[in-house]
Amino acid sequence: MSEYHNPVMLRECIEGLAIKNDGIYVDITFGGGGHSKEILKHLGEKGKLYAFDQDHEARLNAETIDNRSFTFIQTNFRNLKKYLRLQGVKKVDGILGDLGVSSYQINTAERGFSTRFDGPLDMRMNQQQTISAADVLNEYEERELHRILGQYGEVRNAKTLAAALCAERHLSPFKTIGQLLGVLKKFAPRGRENKYYAQVFQGIRIEVNEEMKALEEMLVQSAEILDEK
Ligand SMILES: C[S@@+](CC[C@H](N)C(=O)[O-])C[C@H]1O[C@@H](n2cnc3c(N)ncnc32)[C@H](O)[C@@H]1O
């Protein structure tokens, strides 16, 4: 599993959670389960860990965990409260979130998250979702692309780039990462091309997965369900 994703700041996360062995915890971004497995080591028989992830590959990882304290829920963490309630849980003792994408998602060409490989313009964390990166690039209005690139990608020349993307899709709709990089190359600052590509990809990814909205909804719910004791 360490090849799937190397859990970051593992010790700090566990210290921060200050786990009680009969407590109820939530890992809202299970991924390869590195953090979840460590949390489980600190739980006794009465303790519970609920892990969320919207990616089917994460579910496959979760299925390898055989522990009665552990429950995996394949859904977006914006549904946190509703799905915990379905499990009969109204309050929890701690919540861990390791946001973004996993190394596995980045390193799998077909998922379309990486600038390093050619592949489809996908970028969906939830493979059941219909909207992909190609849909955003081909269907969004120019001013929306401008906003996404500027706000989510912090791309400096977002307006110029949005116009160039719209001109390109008029000639040939976006399908592949190679095609997108072909356009980006012309607008990337010299010597900082990779950073520029990463910013553009980040902007599109955040939009495809509605990451800001999901984060906001999850944070509101987290405040409601965290036990203050
Ligand atoms: C950085 S990885 C987590 C890695 C994990 N901590 C580990 O040790 O392997 C982020 C994971 O969160 C999932 N994810 C991101 N946003 C999500 C959301 N809104 N709802 C559910 N899962 C999400 C991704 O699919 C990915 O598997």
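**Exercise 1. The ligand's surroundings**

Task: Find which polar backbone atom lies 2.8 Å from a nitrogen atom of the ligand, and then look at the residues around the ligand.

Solution. Step 1: The backbone atom belongs to F77, and the ligand's nitrogen atom is 2.8 Å from it. This is a polar contact, that is, a pair of N or O atoms within 3.5 Å; within protein, one must be able to donate a hydrogen and the other to accept it, and residues adjacent in sequence count only if both atoms are side-chain atoms.

Step 2: Please keep in mind that this is a predicted model, in which local features need pLDDT of at least 70, side-chain atom pairs count only at pLDDT 80 or more, and totals for chains, interfaces and linings use all residues. Residues are numbered from 1 along each chain as its sequence is written, and side-chain values use heavy atoms, with hydrogens and water left out.

Step 3: Now add the side chains. D53 has a polar side-chain atom 2.7 Å from an oxygen atom of the ligand. For Q105, a polar side-chain atom lies 2.9 Å from an oxygen atom of the ligand.

Step 4: Widen the view to the 22 residues around the ligand, where G32, H35, D53, F77 and D98 come nearest. Here a residue is near a molecule if one of its heavy atoms lies within 4 Å of it.

**Exercise 2. The chain and its domains**

Task: State how many helices and strands the protein chain has, and find its domains.

Solution. Step 1: Count eleven helices and four strands. Helices (H or I, at least four residues) and strands (E, at least two) are DSSP runs, numbered from the N terminus.

Step 2: The domain assignment gives domain 1 as 10–103 + 213–225 and domain 2 as 130–208; such bounds come from an automatic or database domain assignment. Over C-alpha atoms, the centres of domain 1 and domain 2 are 33 Å apart.

Step 3: The C-alpha trace of the chain spans about 60 × 35 × 30 Å along its principal axes.

**Exercise 3. Helix 10 and the cores**

Task: Compare the span of helix 10 with the expected one, then say which element gives the largest share of the largest nonpolar core.

Solution. Step 1: Helix 10 covers residues 193–208, 16 residues in all, and reaches 23 Å from first C-alpha to last, close to the 22 Å expected at 1.5 Å a residue. The expected span is 1.5 Å times one less than the number of residues.

Step 2: Its buried residues include Y196, V200, I204 and V208. Buried means under 20% relative accessible area, exposed over 50%, and partly exposed in between (1.4 Å probe, protein chains only). Helix 6, helix 7, helix 8, helix 9 and helix 11 are among what covers them.

Step 3: Turn to the largest nonpolar core, with 35 residues, in which L161, L165, L180 and L184 touch the most other members. A nonpolar core is a set of buried Ala, Val, Leu, Ile, Met, Phe, Trp, Tyr and Cys residues joined through side-chain atoms within 4.5 Å. Helix 10 gives the largest share of this core, seven residues.

Step 4: Apart from this core lies another, of 18 residues, including L43, L49, I65 and F70.

**Exercise 4. Three buried residues**

Task: For Q221, S132 and S69, explain why each counts as buried and list contacts.

Solution. Step 1: Q221 sits in helix 11, residues 211–225, and counts as buried because its relative accessibility is 15%. Its contacts, leaving aside neighbours within four places in sequence, are R78, N79, L80 and K81; contact means heavy atoms within 4.5 Å. The Q221 side chain also reaches the backbone oxygen of R78 at 2.8 Å.

Step 2: S132 lies in the loop between helix 5 (103–107) and helix 6. S132 counts as buried because its relative accessible area is 12%. Beyond neighbours within four places, S132 is in contact with L121, D122, R124 and V208.

Step 3: S69 is in the loop between helix 3 (56–62) and strand 3 (70–73). S69 counts as buried because its relative accessible area is 6%. Not counting residues up to four places away, S69 touches L40, G44, E45, G47, K48 and L49.

**Exercise 5. Positive phi**

Task: Is A18 buried or exposed, and what is its phi?

Solution. Step 1: Most residues other than glycine have a negative phi. A18, however, has a positive phi near 45 degrees.

Step 2: A18 is in the loop between helix 1 (10–17) and strand 1 (24–27), and A18 is exposed, with a relative accessible area of 54%.
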